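Q: Please take a close look at the part of this model around the ligand. Then show how that part connects to the sheets and the core.

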Amino acid sequence: MKSCAGSPLAQLDCPTQWAGTPMVLSCQAVKDHSPNLYPEERALLDRCAARRVNTFSTGRRCAHTVLQELGVAPAPLLRNPDGSVVWPTGVIGSVSHTDDWAVAVGAESGQGPGSAKAMGVDLELITELSPKVLAMVATPSERDEITGDGQQPWQATALFSLKESLYKCLRPSFGQFIHFHDVQISLTGTAYPTVSIRNEALAVHCESKDLELRLSVTLDHVFSMVWWRYSS
Ligand SMILES: CC(C)(COP(=O)(O)OP(=O)(O)OC[C@H]1O[C@@H](n2cnc3c(N)ncnc32)[C@H](O)[C@@H]1OP(=O)(O)O)[C@@H](O)C(=O)NCCC(=O)NCCS
């Protein structure tokens with residue numbers, strides 16, 4: 001794990017073999033790193049507000065840290081039409097940011113069973129979701145699981161975060177929007193949540209057994225990661 005000291009991920013007992021593939025994480029405090037961006041990256045920020053300049057430039061800084069750790073030659077990280085990062089050939093990864101922290105994860109993309117095909121990452125500040133937002137994000141069964149007796153306030157944020165990670169992991173290859181109710185997640189295993197895919201086309205595209213979900217919760221933040229393995 002690179003440059004995560006003092007961050008919400010500092011306490012993360014991050015198994016670098018989390019999903020069977022060595023992966024690198026970088027989490028850094030959000031500030032203006034735009035002077036360090038490549039000109040091609042800075043061009044993506046045309047007319048953006050300061051907040052976006054800061055989150056984008058810190059996210060790119062994390063991503064470049066990850067690539068350096070993976071031994072990949074430095075180069076601009078541009079943007080696909082769907083908003084995802086154009087990673088160098090042979091690398092998969094994902095970026096997320098709150099107003100305070102940015103995180104990037106990356107790994108070499110393998111070809112063999114169990115190795116990495118795509119990944120998504122998400123960092124969220126724990127907040128209460130209104131009943132309206134919760135209904136949009138959670139299926140009835142998910143709502144039952146996270147609103148019952150003894151449930152914790154972070155669980156709704158965790159569910160939301162896992163769905164954002166899933167979206168980032170699968171949207172680029174699926175090529176279509178993925179709705180919140182297209183997947184159903186169970187948090188019962190907390191650190192190792194499980195997912196079932198309810199959208200038929202998405203289930204053909206990706207079998208839920210090939211998805212690894214991970215969750216880490218601090219006092220303030222939820223960190224989630226989803227990783228898609230090649231079928232074994
Ligand atoms: C795109 C989206 C996932 C971004 O999540 P977010 O919590 O708003 O923002 P985050 O800071 O966590 O992530 C932003 C990063 O996601 C990445 N991203 C953006 N669009 C992406 C996409 N289509 N696929 C993969 N990654 C994407 C980018 O790297 C972006 O950062 P950058 O622009 O600085 O490079 C979210 O705004 C969205 O549109 N969600 C769609 C609905 C959904 O989540 N459905 C769930 C289905 S299960």
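A: The ligand shell comes first, then the two sheets, then the core and one loop residue.

This is a predicted model: local features need pLDDT of at least 70, side-chain atom pairs count only at pLDDT 80 or more, and totals for chains, interfaces and linings use all residues. Residues are numbered from 1 along each chain as its sequence is written.

Start at the ligand. It is surrounded by 22 residues, and Gly83, Ser84, Val95, Ser96 and Lys168 are the closest. A residue is near the ligand if its C-beta atom, placed from the backbone, lies within 6 Å of it. The shell divides into 9 nonpolar, 6 polar and 7 charged residues. Here Ala, Val, Leu, Ile, Met, Phe, Trp, Tyr, Cys and Pro count as nonpolar, Asp, Glu, Lys and Arg as charged, and the others, Gly among them, as polar.

Which elements supply the shell? Helix H2 (50-70), strand S2 (91-97) and helix H5 (154-174) each give at least two residues. H5 gives the most, with 7 residues. Helices (H or I, at least four residues) and strands (E, at least two) are DSSP runs, numbered from the N terminus.

Follow S2 into its sheet. The sheet is open, has 3 strands in the order S1-S3-S2, and pairs antiparallel. Strand S1 (23-29) and S2 are the edge strands, each pairing on one side only. The twist averages 10 degrees from one strand to the next. Two strands pair if DSSP finds at least two bridges between them. S2 and strand S3 (residues 101-108) are joined by 7 bridges. His97 has Ala102 in S3 as its bridge partner. S1 also pairs with S3 over 7 bridges, in the antiparallel sense. Ser26 stands opposite Ala104 in S3.

S1 is mostly covered, with 6 of its 7 residues buried. Buried means that 20 or more other C-beta atoms lie within 10 Å of a residue's own; exposed means 12 or fewer, partly exposed in between, with C-beta atoms placed from the backbone. H2 lies across S1, S2 and S3, at about 30 degrees to S3. Axes are lines fitted to C-alpha atoms, for helices over the stretch in contact, and angles run from 0 to 180 degrees between N-to-C directions.

Now follow H5. This helix lies across S4, S7 and S8, running at about 145 degrees to S4. Those 3 strands form another open sheet, ordered S4-S8-S7 with antiparallel pairing. Strand S4 (116-125) and strand S7 (211-217) stand at the edges with a single partner strand each, so one side of each has no neighbour in the sheet. The twist here averages 10 degrees from one strand to the next. S4 pairs with strand S8 (residues 221-229) over 9 bridges. Leu125 has His221 in S8 as its bridge partner.

Next, the core. The largest nonpolar core has 53 residues; Val103, Val105, Met119, Leu159 and Val226 touch the most other members. H5 supplies the largest share of this core, 10 residues. Such a core is a set of buried Ala, Val, Leu, Ile, Met, Phe, Trp, Tyr and Cys residues joined through C-beta atoms within 7 Å. Leaving out residues up to four places away in sequence, Val105 touches Met23, Leu25, Val66, Gly93, Ser94, Met119, Val121 and Met225. Contact means C-beta atoms, placed from the backbone, within 7 Å.

Last, a loop residue. Arg47 sits between helix H1 (39-42) and H2. Its phi is near 65 degrees, a positive value in a residue other than glycine. Arg47 counts as exposed because it has 5 C-beta neighbours inside 10 Å.

How values were computed
Contact = placed C-beta atoms within 7 Å.
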